[in-house]
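Biologist: Before I use these labels at the bench, I would like to hear the reasoning behind them. Could you take me through it with the structure on screen?

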Amino acid sequence: MTSKPYESPDLDARPQRRTFTAEFKARILAEYDAAPDAAARGAILRRERLYGSHLLDWRKARDAGVAAGLTDRRQSAARAAKKAETAELARLQRENARLQAELSKTQTALSIMGKVPWLLYERARSGLKMSAVAR
């Protein structure tokens, strides 16, 4: 008995979640409700590769009177706006972090530059020549 080495799954081959349009949901619900018996309803579910829970959720949304009940909440305009706001917030936070780092570097450089004249003055006062210090 030989074991095969583990192969990492191809990420491109990963199945995508199906999404259904409101028109598709309404059409399937109407067809399902018009089916004469359980065998015909089961045939509809098999043909469309759906589960009964799909229809239960769609029917519940439709019967609740929600106008957008058959639309996918994950694809709604509110979610897209929220996603855009989140992306903008992340971009602004990255920019803020970059600017804070730049400010810190600038403040350090200015602090060092402010001390240079004092150091030169002290060296001149102590009698050291700059050429002697450079060696």
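Biologist: Why is Glu95 called partly exposed?

Modeller: In this predicted model, the relative accessibility of Glu95 is 31%. Partly exposed lies between under 20% for buried and over 50% for exposed, so Glu95 counts as partly exposed.

Biologist: What makes Glu95 and Arg91 a salt bridge?

Modeller: Their closest N and O atoms are 3.4 Å apart, and the cut-off is within 4 Å, so the pair qualifies. Both residues lie in helix H4 (residues 77–126), four residues apart, about one turn of the helix. Arg91, at 37% relative accessibility, also counts as partly exposed.

Biologist: Why is Asp63 called exposed, and why is Arg62 called partly exposed?

Modeller: Asp63 has a relative accessible area of 55%, and exposed means over 50%. Arg62 is at 35%, which falls in between the two limits. The side chains of Asp63 and Arg62 meet in a salt bridge, 3.3 Å from N to O.

Biologist: What does the salt bridge of Arg59 with Asp33 tie together?

Modeller: Arg59 lies in helix H3 (residues 52–63) and Asp33 in helix H1, so the pair ties together parts that are 26 residues apart in sequence. The closest N and O atoms of Arg59 and Asp33 are 2.9 Å apart. Asp33 is partly exposed, at 42%. The structure holds 10 salt bridges.

Biologist: How do you know that Phe20 is buried or exposed?

Modeller: The relative accessibility of Phe20 is 16%, and under 20% means buried, so Phe20 counts as buried. Phe20 sits in the segment before H1. Leaving aside residues up to four places away in sequence, Phe20 touches Lys25, Leu50, His54 and Trp58. Across the chain of 135 residues, 13% count as buried.

Biologist: Why are H1 and H2 called roughly antiparallel?

Modeller: Helix H1 (residues 22–34) and helix H2 (residues 38–48) pack at about 155°. Angles over 145 count as roughly antiparallel, so the label applies to H1 and H2. Their axes are 9 Å apart.

Biologist: Which residues meet where H1 packs on H2?

Modeller: From H1 come Phe24, Arg27, Ile28, Glu31 and Tyr32, and from H2 come Arg41, Ile44, Leu45, Arg47 and Glu48. The residues of this contact divide into five nonpolar, no polar and five charged. A network of salt bridges links Arg27, Glu31, Arg47 and Glu48.

Biologist: How many helices and strands are in the chain?

Modeller: The chain has five helices and zero strands.

Notes. Residues are numbered from 1 along each chain as its sequence is written. This is a predicted model: local features need pLDDT of at least 70, side-chain atom pairs count only at pLDDT 80 or more; totals for chains, interfaces and linings use all residues. Side-chain values use heavy atoms; hydrogens and water are left out. Axes are lines fitted to C-alpha atoms, for helices over the stretch in contact, and angles run from 0 to 180 degrees between N-to-C directions. Helices (H or I, at least four residues) and strands (E, at least two) are DSSP runs, numbered from the N terminus. Angles under 35 degrees count as roughly parallel, over 145 as roughly antiparallel, 65 to 115 as roughly perpendicular and the rest as oblique. Contact means heavy atoms within 4.5 Å. Ala, Val, Leu, Ile, Met, Phe, Trp, Tyr, Cys and Pro count as nonpolar, Asp, Glu, Lys and Arg as charged, and the others, Gly among them, as polar. Buried means under 20% relative accessible area, exposed over 50%, partly exposed in between (1.4 Å probe, protein chains only).
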